Amino acid sequence: MKTRGSFVHSVVLCAAFGASMTFTGCKPKNLVATAQTGGAAEKVYVAPGKHDEFYSIVSGGFSGNVSVYGLPSGRLLRQIPVFSQFPECGWGYSEETKPMLNTSHGMLPWDDSHHISLSMTKGEQDGRWAFINSNNTTRIARISLKTFRTEEIIELPNSAGNHSSPFITQDTEYVVGSTRFAVPLSYEGANPDVPIDSFKENFKSTISFVKVAPDTGRLNLAFQVLMPGMDFDLARAGKGKSHGWFFFSCYNSEQAHTLLEVNASQKDKDYITCVNWKKCEEYVAAGKGKKVKSKYAHNVYDDHTHTGTSTMLEDVTMLDPKELKDIVYLMPCPKSPHGCDTDPTGNYIVGSGKLAAVIPVFSFDKVQAAIAGKKYDGDFHGIPVLKYEEVLHGEVKKPGLGPLHTEFDDKGFAYTSMFVSSEIVKWDPKTLQVVDRIPTYYSVGHLSVPGGSTMKPHGKYVVAYNKITKDRYLPTGPELTQSAQLIDISGEKMKLLLDFPTVGEPHYADAIPASLVAPNSLKFYPIEENKHPHATKSENDSRVVREGTKVHVYLTAMRSHFSPDLIEGIQPGDEVYFHVTNLEQDWDVPHGFVIKGSKAAELLIMPGETQTLKWVADRVGVIPFYCTDFCSALHQEMQGYLRVSPPEAKVPLKWGLGDKITTAKAAAPAPAPAPTPAPAAPAPAPTPAPAAPVPAPAPAKPGVP
């Protein structure tokens, strides 16, 4: 224990102080010499008018969103809002996008995003979708790579923390998520109120399999696998010969519930969980799963109505491996496993223990043989534990300290990030020999090879996502920017090409050739296909409609004016809904919209799209509204005025553009009802005649009043 304690102490010190420590593995040597002294700038330079070779889709960490970078330039191309409100485009502020942030806890304005997976067909990237997890409130989102917009978010019930997510199968049949924090489950009929020190008896984890519709990408929670209380970390699907299986790293097999820093690091080995999801499908089809009730939100954004809707669901199918004996097996893995990766052939499963000094490599063929021969080393809460020696292909000896995550290139080599010794190690999965290593600056977490998790990696680069920046960039107060480093792996030796900063704290990224994405990128939304219930497809149809204290403004935007741009007859307390339609049909001509005093963010409306801003009139006066996104030389002139008057002023509702002013017709007073003879028995009062008709908006959809 003394030796182990000293090692853990060194790990903690290195992680905390990074480059400033004297521990030999913490600070890389030859800081300048490791970068190319010539030619590096040329290799990352993307000339004006030229495009990057790869899109790198990067998780946003504590931003809750996703960033898109070009490689090799390292240039930030876009931020995609997902789980957090984003004022730049009104995500989570507009009436259409508010439903996308709905959960069983209500609307949540923030989350913590960690991992990216890109859709695949036959084990190769297909350029359709990106998937991202939320760690805090257990959700998975699907992003369209055609629009670079979040199209769908599904909540995962019976789970606390969704770090081990959203990993996908080779044909995108499933995207999975598993529990980071084991908890007492709270589905209908369960009792979540138990003593914390009853962890071993009452705390559980789950693995969620979310089905992905092959054509639309629509998500559906197919089933969950009930697991003992452990903490799941990372995962990869089997591929090729191991297709039909999923492999998850997990730690805290000690089942500690306090001071995990020490108490969850006692055992020499934790586990990699092997799930036979094909067999799970068979049991679900045969009705073997237990049906439980547990509320969770499913949010979908429709590109035709330009509107998000949120639906609360509750049916969940739960599979218990203690009853269904052949769906889950455990492989011992040293020590406190973090990474779990499968090679392009699907034969090798690589474990990475954060406190291990070796990299264990398991053989899928040996796993199958051990299962067939029942070569078990006991069980863990009723789940068979396979013998380590029976499933092991071999160990990479002395690779460095703190192995975390492994990806593969197009030449058959593996690359593993070493957190404690701050380096990336290149090794051969067949011979288990280290063939090269390169320092990172500092404490690399995840790494990313373009296509490095697929059956056909693209190779060429590896990107290190480092946890500590220290002396790499100009100081910016107590917190420094996040650090990524682009490394050339096209030759025999790895060579550092570029440092570039990133948004948020990126955990993982996945890169894809631009040729698979760029040709399908949407240029604008055809106005004739706009099915938004409040769309206004012509300036001639712009108008203002009052419904009691709600006022609907049907506004159009076109370079360089709004229609209408003059509105009067609004009263204090009115809820004003600006339904803004961008009439442009040209690429890269969005329009912005905001009104002074708005308590929401701006709107950013794409060409052919409709979005809604809710604003409450809280004072008398003339209030300006304007375009917030530069659109033309007359962008500054793209503005309007709205007049708020007290009720006693009796200002009629009117609107206009130029010399065309329209006044809303006042509703005719309802005629008094005729006297009714006294009936023998009480009769209902007659219904008054209806008022004169007033133009009404189209029926509202969820999320849009």
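**Rings, cores and a few odd bends**

Phenylalanine 247 has a relative accessible area of 0%, so this residue counts as buried (under 20%; exposed is over 50% and partly exposed in between, with a 1.4 Å probe and protein chains only). Everything here comes from a predicted model, in which local features need pLDDT of at least 70 and side-chain atom pairs pLDDT 80 or more, while totals for chains, interfaces and linings use all residues. Residue numbers start from 1 along each chain as its sequence is written, and side-chain values rest on heavy atoms, with hydrogens and water left out.

Aromatic rings make a good place to start. Searching the whole structure turns up 24 aromatic pairs (Phe, Tyr or Trp rings, the six-membered one for Trp, with centres within 6.5 Å; stacked if the planes are under 30 degrees apart, edge-to-face if over 60, tilted otherwise). One of the 24 pairs joins tryptophan 245 to phenylalanine 364, with 6.2 Å from centre to centre and 70° between the planes, an edge-to-face arrangement. Tryptophan 245 sits in strand E15 (residues 245–251) and phenylalanine 364 in helix H6 (residues 364–372), so this pair links parts of the chain that are 119 residues apart in sequence. Strands (E, at least two residues) and helices (H or I, at least four) are DSSP runs, numbered from the N terminus. Tryptophan 245 and phenylalanine 364 are both buried.

Phenylalanine 364 also pairs with phenylalanine 247: the ring centres are 6.4 Å apart and the planes meet at 85°, so this contact too is edge-to-face. Because phenylalanine 247 is in strand E15 and phenylalanine 364 in helix H6, the pair ties together parts that are 117 residues apart in sequence. For phenylalanine 364, the relative accessible area comes to 6%, so the residue is classed as buried. Elsewhere, seven names make up one aromatic cluster: Tyr174, Phe209, Phe223, Phe232, Phe246, Phe248 and Trp277.

Some rings have a charge sitting over them (NZ of Lys or CZ of Arg within 6 Å of the ring centre and within 35 degrees of the ring normal). Lysine 523 does this with tryptophan 587, lying over its face at 4.7 Å from the ring centre. Arginine 543 is placed over the face of tyrosine 554, and here the distance to the ring centre is 3.9 Å.

Next come the nonpolar cores (buried Ala, Val, Leu, Ile, Met, Phe, Trp, Tyr and Cys joined through side-chain atoms within 4.5 Å). The largest core holds 30 residues, and the members that touch the most others are Phe209, Val225, Phe246 and Phe248. There is also a second core, separate and with 27 residues, including Ala557, Phe593, Ile595 and Leu603. Phe209, Phe246 and Phe248 turn up in the aromatic cluster as well. In soluble globular proteins, nonpolar side chains tend to be buried together.

Loops hide residues too. Serine 443 belongs to the loop between strand E29 (434–439) and strand E30 (444–448). With just 2% relative accessible area, serine 443 is buried. Its C-alpha atom is separated by 5.6 Å from that of asparagine 466, although the two residues are 23 apart along the chain.

The backbone has a few details of its own. Between serine 165 and proline 166 the peptide bond is cis, its omega being near 0°, and proline 166 is part of strand E10. Another cis bond, again with omega near 0°, runs from arginine 559 to serine 560. Unlike proline 166 in its strand, serine 560 is in a loop, the one between strand E36 (550–558) and strand E37 (561–563).

Positive phi values in residues other than glycine show up at two threonines. Threonine 138 has phi near 35° and is found in the loop between strand E7 (124–134) and strand E8 (139–144). Its relative accessibility is 5%, so threonine 138 counts as buried. Threonine 172 has phi near 55°, and its place is the loop between E10 and strand E11 (174–178). Threonine 172 is buried as well, with a relative accessible area of 3%.
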